[in-house]
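I opened my notebook for this one and kept the entries short. Have a look along with me.

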Amino acid sequence: MTLASPRTKNNHNCLFTERRILLCCAPYKESIGVEAAWRTRIRDGDRLCTECVPRGACKFGVSVLAFDDAAQHMRSTILCPAAYEGGPGVAHGGWVCAALDEVLGQTVMEYHARVVTANLSVDFRLPVPVGEALTGHAWIDALDGRKVRATGELRLAASDAVLARATGLFIIIDPAHYVRHADWLAQQKVTGGTA
Ligand SMILES: CCCCCCCC(=O)SCCNC(=O)CCNC(=O)[C@H](O)C(C)(C)COP(=O)(O)OP(=O)(O)OC[C@H]1O[C@@H](n2cnc3c(N)ncnc32)[C@H](O)[C@@H]1OP(=O)(O)O
């Protein structure tokens, strides 16, 4: 399914409306509580990566997501932890990718039960300061079968300057995805990767 009739309320070319999102989500979301869930959501254990669940917070410093009605996109607050400092006072590029992966991935997962990143392309526009308030912004561009394309930005909260921008392709997975991976890994160890 490809989303049609783009709604150009802002310059982000969001291709969805509230009604369309709810229709698109129907196969993937529980029927109860969908509307409330997609409008404003404080992250919970279900939305954290496996390793982050025990501490109840994202290790990359992405802390809260909400749907911004005026701008028609997802917004998150972010702080680059000192552990991810690369150059003096600025974030390692790997952290920038990870934070954007999280921001885009969380946004897609707001509308589709479970996805993994298949492709992420990042433009590093300006150095990203460590320990300064940042914001993440992301929106879905298109849904095509299991493929969801999204765009996102990392901005300096103080001025809204865009520091990095990413586009991503996310693939909707089924519950057996990780079981298949475990089976594949076990097989690799048996065959030494020759199978
Ligand atoms: C909890 C908070 C999470 C926050 C977000 C964080 C998300 C993550 O970081 S996930 C971790 C990183 N990602 C991964 O580990 C994924 C590893 N890759 C995989 O598991 C598989 O390649 C997977 C699932 C993406 C696709 O495999 P599979 O399910 O067999 O589907 P497959 O048929 O190959 O591809 C489906 C479609 O996507 C397309 N596609 C897949 N990968 C790509 C790619 N890299 N580029 C372009 N197209 C692609 C295929 O061409 C196919 O298109 P079509 O349907 O038109 O033929």
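My entries below go from the ligand to the core and then to the strands.

**Ligand shell.** I noted at the outset that I am working with a predicted model. I then looked up what surrounds the ligand and found 17 residues, the closest being Gly105, Val116, Ala118, Asn119 and Ile171. Helix H3 (93-111), strand S4 (115-124) and strand S7 (162-172) each give two or more residues to this shell. Sorting the shell by character, I got 7 nonpolar, 5 polar and 5 charged residues.

**Nonpolar core.** Next I asked myself which members of the largest nonpolar core touch the most other members. Out of 32 residues, they are Val96, Ala99, Leu100, Val108, Ala150 and Leu154. Two or more core residues come from each of strand S2 (62-68), strand S3 (73-79), H3, strand S5 (133-144), strand S6 (147-156) and S7. H3 supplies the largest share, 8 residues.

**Val96 up close.** I picked Val96 and set aside its neighbours within four places in sequence. What remains in contact with Val96 is Ala91, Val122, Phe124, Val128, Leu154 and Ala164.

**Strand pairing.** I followed S5 to its partners. With S3 the pairing is antiparallel over 6 bridges, and with S6 it is antiparallel over 10 bridges. Ala138 made a handy marker for me: Met74 stands opposite Ala138 of S5, and in S6 the bridge partner of Ala138 is Gly152.

**The turn.** Last, I checked how S5 and S6 connect: they form a hairpin with 2 residues between them. Gly145 sits in that turn, and I wrote down its positive phi of about 65°.

How values were computed
Residues are numbered from 1 along each chain as its sequence is written. This is a predicted model: local features need pLDDT of at least 70, side-chain atom pairs count only at pLDDT 80 or more; totals for chains, interfaces and linings use all residues. A residue is near a molecule or strand if its C-beta atom, placed from the backbone, lies within 6 Å of it. Helices (H or I, at least four residues) and strands (E, at least two) are DSSP runs, numbered from the N terminus. Ala, Val, Leu, Ile, Met, Phe, Trp, Tyr, Cys and Pro count as nonpolar, Asp, Glu, Lys and Arg as charged, and the others, Gly among them, as polar. A nonpolar core is a set of buried Ala, Val, Leu, Ile, Met, Phe, Trp, Tyr and Cys residues joined through C-beta atoms within 7 Å. A residue is buried if 20 or more other C-beta atoms lie within 10 Å of its own, exposed if 12 or fewer, and partly exposed in between; C-beta atoms are placed from the backbone. Two residues are in contact if their C-beta atoms, placed from the backbone, lie within 7 Å. Two strands pair if DSSP finds at least two bridges between them.
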